[in-house]
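This briefing goes through a single protein model by topic. Please look over the sequence and the structure before reading the points below.

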Amino acid sequence: MQALGPAMEEEHAKLNNLNVLEEVDETHDGSSPPETTQPSTEYVSCPPPVERSSTNSKGGAERAVERTETATSGEMDVDEEPQGSDEARLETLEDEQEYKLDRKVETQLNKWRRQGQPVKDGHRIWQLYDSLTQSLSFSLCEQLRLILEPTRATRLMGDFRTGKRLNMKKIIPYIASNYTKDKIWLRRVRPSQREYQVLIALDDSRSMAESHSIHLAFQTLALVSKALNRLEVGDLAIASFGESMHLLHGFEDGPFTDQTGAKVVEAFKFQQTATDVRSLLEASVDVLTKARERRTSSSSSDLWQLQIIISDGICQDHEELRAIMRKAEEEHILIVFIVIDAHSDPQNGPDSEVSRSQNSILHMNQAMYRTVNGRLELHMQRYLDSFPFEFFVILKNVEALPDVLADTLRQFFERITAS
């Protein structure tokens with residue numbers, strides 16, 4: 001190992017030779033070409049000056065970064081369009097799959113009905129409709145959770161002088177206050193459970209089959225019943241009506257299960273020749289009144305009961321129905337009418353939309369006699385202008401039911417809260 005010392009003359013000459021080009025570049029003013037000097041072998045093997053190397057590498061790095069950013073932005077711009085097209089393609093594919101599944105379930109339903117509705121296949125048909133409306137039932141359940149508030153007090157809360165359970169957080173302040181702050185007991189005063197009574201009535205008349213509404217009606221029944229069951233709304237009953245009302249699942253028959261749903265689907269034949277809505281309302285008010293009387297809760301008298309009617313919307317005696325509706329409201333019974341407006345056969349192709357528009361309840365008229373100058377004159381008016389039900393929903397697609405039904409119930413409870 002050699003110690004550092006002053007450079008010798010030969011080494012000093014070599015260093016001068018290494019800096020020849022740099023000095024020439026610094027002193028060159030552009031007027032005359034610089035003198036050429038043959039580089040030595042030492043110059044070739046020596047690295048370039050530190051300052052020049054630093055500047056060049058920095059500029060190269062900046063240019064490399066710029067090229068990378070340009071390339072990256074170019075790639076992002078190129079990828080934006082495929083991502084958007086992929087999302088649109090994915091949505092289209094999901095819509096097609098849902099449409100195919102809907103048609104498959106309806107085909108299975110029609111096949112089951114042509115075979116005479118064998119009992120062994122009833123559970124399978126119910127499972128098909130349950131899976132078809134599963135996502136929609138979850139959506140309706142979450143919306144109703146915000147509307148149908150808990151009514152039964154089952155949770156402990158409050159500061160009371162008597163009770164059945166001690167509030168441990170109040171024990172130390174109670175002792176420290178020389179036993180004067182004696183509100184140390186809890187009571188079940190916080191509502192956490194729902195105890196509503198809901199009656200779902202489905203039209204079992206022949207007009208439902210003639211208007212091709214059975215598929216949409218079963219979808220509505222499965223969606224509403226499963227949503228209320230998930231919400232644990234309270235007691236749920238299912239009834240069929242036509243010439244008369246038949247209770248298929250009563251309030252005292254326990255929870256609504258898949259086995260119950262299969263039995264309910266098997267009970268619908270859609271062969272009754274009339275739709276007596278008046279008889280339905282009278283029987284429903286009687287059933288709901290008796291169910292309220294069986295309640296032991298102190299708040300049952302103030303609790304609103306709900307009836308949901310699923311039908312094609314054709315009914316007679318509108319004035320008499322209004323009188324029954326007023327009586328039901330006095331008994332704290334809310335009646336919501338879901339009109340199944342599916343007057344077309346999906347297997348008929350494009351002409352089905354034209355048929356649906358012509359036969360829709362929105363375009364239906366009825367004849368009315370009015371007394372003008374002492375004489376009876378015949379006038380035509382829209383059927384819905386005299387529809388007796390205040391809260392009704394016209395349903396053409398089951399996907400719209402959760403939002404529409406939730407909005408209807410929300411408007412009603414807001415109205416009774418404000419009054």
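A salt bridge here is a side-chain nitrogen of Lys or Arg within 4 Å of a carboxyl oxygen of Asp or Glu. The model is predicted. The structure holds 13 salt bridges, two cavities of 30 Å³ or more and zero disulfides.

**Salt bridge within one helix**

- Glu142 and Arg145 form a salt bridge through their side chains, with an N to O distance of 3.4 Å.
- Both residues belong to helix 6 (residues 134-147), and because they are three residues apart, about one helical turn separates them.
- Glu142 is partly exposed, at a relative accessible area of 43%.
- Arg145 also counts as partly exposed, with 34% relative accessibility.

**Salt bridges between helices**

- Asp258 and Lys226 are joined by a salt bridge in which the closest N and O atoms are 3.1 Å apart.
- Asp258 is in helix 10 (residues 258-267) and Lys226 in helix 9 (residues 214-231), so this salt bridge ties together parts that are 32 residues apart in sequence.
- The two partners fall into separate exposure classes: Asp258 is partly exposed at 23% relative accessible area, whereas Lys226 counts as buried at 9%.
- Lys226 is classed as buried because its 9% relative accessibility is under the 20% limit for that class.
- A salt bridge also connects the side chains of Arg278 and Glu320, with 2.6 Å from N to O.
- This pair links distant parts of the chain, 42 residues apart: Arg278 sits in helix 11 (residues 277-293) and Glu320 in helix 12 (residues 318-330).
- Arg278 counts as partly exposed at 35% relative accessibility, and Glu320 is partly exposed with a relative accessible area of 36%.

**Salt-bridge network**

- Asp102, Arg103 and Glu106 are joined into one network by salt bridges that share partners.

**Largest cavity**

- The largest cavity holds about 60 Å³ of space.
- Its lining consists of Leu148, Tyr196, Val198, Trp304, Gln305, Leu306, Leu334, Leu409 and Phe413.
- At least two lining residues come from each of strand 4 (196-203), strand 7 (305-311) and helix 14 (401-418).

**Nonpolar surface patch**

- Tyr369, Leu376 and Leu378 make a nonpolar patch of about 390 Å² on the surface.
- Leu376 is part of strand 10 (residues 375-382).
- With a relative accessible area of 63%, Leu376 is exposed, since the exposed class begins over 50%.

**Cysteines**

- No disulfide is found in a search of the whole structure.
- Cys141 counts as buried, with 2% relative accessibility.
- Cys315 is buried at a relative accessible area of 2%.

**A buried tryptophan**

- Trp112 lies in helix 4 (residues 50-114).
- Trp112 counts as buried, at 1% relative accessibility.
- The C-alpha atoms of Trp112 and Gly122 are 8.6 Å apart in space, and the two residues are 10 apart in sequence.

**Positive phi outside glycine**

- Most residues other than glycine have a negative phi.
- His332 is not a glycine, yet has a positive phi of about 60°.
- His332 lies in the loop between helix 12 and strand 8 (333-340).
- His332 counts as partly exposed, at 24% relative accessibility.
- Asn373 has a phi near 55°, again a positive value in a residue other than glycine.
- Asn373 is located in the loop between strand 9 (365-372) and strand 10.
- Asn373 counts as exposed, with 73% relative accessibility.

Definitions and conventions
Residues are numbered from 1 along each chain as its sequence is written. This is a predicted model: local features need pLDDT of at least 70, side-chain atom pairs count only at pLDDT 80 or more; totals for chains, interfaces and linings use all residues. Side-chain values use heavy atoms; hydrogens and water are left out. Patches are made of residues with over 30% relative accessible area and no salt bridge: like charges are joined within 9 Å, nonpolar side chains (Val, Leu, Ile, Met, Phe, Trp, Tyr) within 5 Å. Accessible areas come from the Shrake-Rupley method with a 1.4 Å probe; for residues, only the protein chains shown count as cover. Helices (H or I, at least four residues) and strands (E, at least two) are DSSP runs, numbered from the N terminus. Buried means under 20% relative accessible area, exposed over 50%, partly exposed in between (1.4 Å probe, protein chains only). A disulfide is a pair of cysteine sulfur atoms within 2.5 Å. On a 1 Å grid over the protein atoms alone, a cavity is a set of points where a 1.4 Å probe fits but cannot get out, and a pocket is an open set with protein on both sides within 12 Å along at least five of seven lines; lining residues have an atom within 4 Å of a point. Grid points are joined across faces, edges and corners, and a volume is the space filled by probe spheres set on the points.
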